[in-house]
Amino acid sequence: MIRNGRRAAGGAEQLAPEGRRAVRVWCDGCYDMVHYGHSNQLRQARAMGDYLIVGVHTDEEIAKHKGPPVFTQEERYKMVQAIKWVDEVVPAAPYVTTLETLDKYNCDFCVHGNDITLTVDGRDTYEEVKQAGRYRECKRTQGVSTTDLVGRMLLVTKAHHSSQEMSSEYREYADSFGKCPGGRNPWTGVSQFLQTSQKIIQFASGKEPQPGETVIYVAGAFDLFHIGHVDFLEKVHRLAERPYIIAGLHFDQEVNHYKGKNYPIMNLHERTLSVLACRYVSEVVIGAPYAVTAELLSHFKEPKRRGIFRQIDSGSDLTTDLIVQRIITNRLEYEARNQKKAAKELAFLEAGRQQAAPPPGERDGGF
């Protein structure tokens, strides 16, 4: 059981001491397939100042520099806003971070992870702010990346995740897909994420329910914490004037029992941090039972009378399965585009070779 912090969505808390100007921090990125690594970056950035502004790139900008995103820009804007350390979201942020952008939003500096982000033409997107001394770095979260999650999802629909024998065709595909120079296939490895008490403390605040607050319990897998989950929790948050939302997360084995294949894609520890980062959640129960029991309700001192259950429609049709389908579609389009590009390059090289070759009869001095 982990108690979490709660901050009103869209609201700004000026935490600077009296008489000191608030330090405003800028972060930007694609924030596609938002996971706890993104949240941890924003947590660290927020700790460097008093007010965090996050710029999110458009679909067009991402497609130009990296390829098509999985989530639409509107979905990505809302996902970032749901992270409790974010004070403000700037839609359609430029892909290259400039001093003009920092000055426009009165930001003292920008923060990014300790990796290099390049434009389509190979430029460091933070070159200008680095040279001006208005750049800070934070540590990347080990054991998770968007690439890793995409790999887990690409394998989730294949035969070897069930009791069927892996086909030779799929075995060849899995062996050749995404291997790094060292020969290790990142798609078939297990998550290297290690949960620690310190990480949980960093994500949670430990606040208990206060008098006058309405305690609301929800439960689920919350796998690949996505916009459907956010929409649902936001509606639950609106059920009371002062809500205290407890989210129960099922064990991996329980999720696998009712979902099958190799679900959940994220393990329990990863899902815990993802939910803890949400501004609408107050507390997390790790390994909550699939069925809500009287003992569970009693533990939270909730009423035991009948009629306390409500079913909430999130209004979103997005599910983990649909995200997997988006990933597969993007992957097939990517492969088709690469094959077409390779064929054009081969044809170009062949045409050049034929033009450079001497006519018949002129080879070997014409003899």
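Modeller: Before we begin, a residue is called buried here when its relative accessible area is under 20%, and the model we are looking at is a predicted one.

Biologist: Is helix H1 mostly covered or mostly open, and how many of its 12 residues are buried?
Modeller: The buried residues of H1 include Tyr-36, Leu-42 and Ala-45, and Arg-43 and Arg-46 are also among them. Helix H1 is therefore described as mostly covered under the cut-off of 20%, and the number of its 12 residues that are buried is 11.

Biologist: What span should H1 have at 1.5 Å a residue?
Modeller: Helix H1 has 12 residues, and its end C-alpha atoms lie 16 Å apart in the model. This agrees with the expected span, because 1.5 Å a residue gives H1 a span of 16 Å.

Biologist: In what order do the five strands of the open sheet stand?
Modeller: Strands of a sheet pair through backbone hydrogen bonds, either parallel or antiparallel. In this sheet the pairing is parallel, and the edge strands, each of which pairs on one side only, are S4 (88-91) and S6 (135-138). The order of the five strands is S4-S3-S2-S5-S6.

Biologist: Which residue of S4 is the bridge partner of Val-56?
Modeller: Strand S3, which covers residues 51-56, runs parallel to S4 and is joined to it by four bridges. The partner of Val-56 in S4 is Pro-91.

Biologist: Which strands does helix H3 touch where it packs on the sheet?
Modeller: Helix H3 consists of residues 73-81, and its direction makes about 165° with that of S4. The strands that H3 touches are S3 and S4.

Definitions and conventions: Residues are numbered from 1 along each chain as its sequence is written. This is a predicted model: local features need pLDDT of at least 70, side-chain atom pairs count only at pLDDT 80 or more; totals for chains, interfaces and linings use all residues. Side-chain values use heavy atoms; hydrogens and water are left out. Two strands pair if DSSP finds at least two bridges between them. Helices (H or I, at least four residues) and strands (E, at least two) are DSSP runs, numbered from the N terminus. Contact means heavy atoms within 4.5 Å. Axes are lines fitted to C-alpha atoms, for helices over the stretch in contact, and angles run from 0 to 180 degrees between N-to-C directions. The expected span of a helix is 1.5 Å times one less than its number of residues. Buried means under 20% relative accessible area, exposed over 50%, partly exposed in between (1.4 Å probe, protein chains only).
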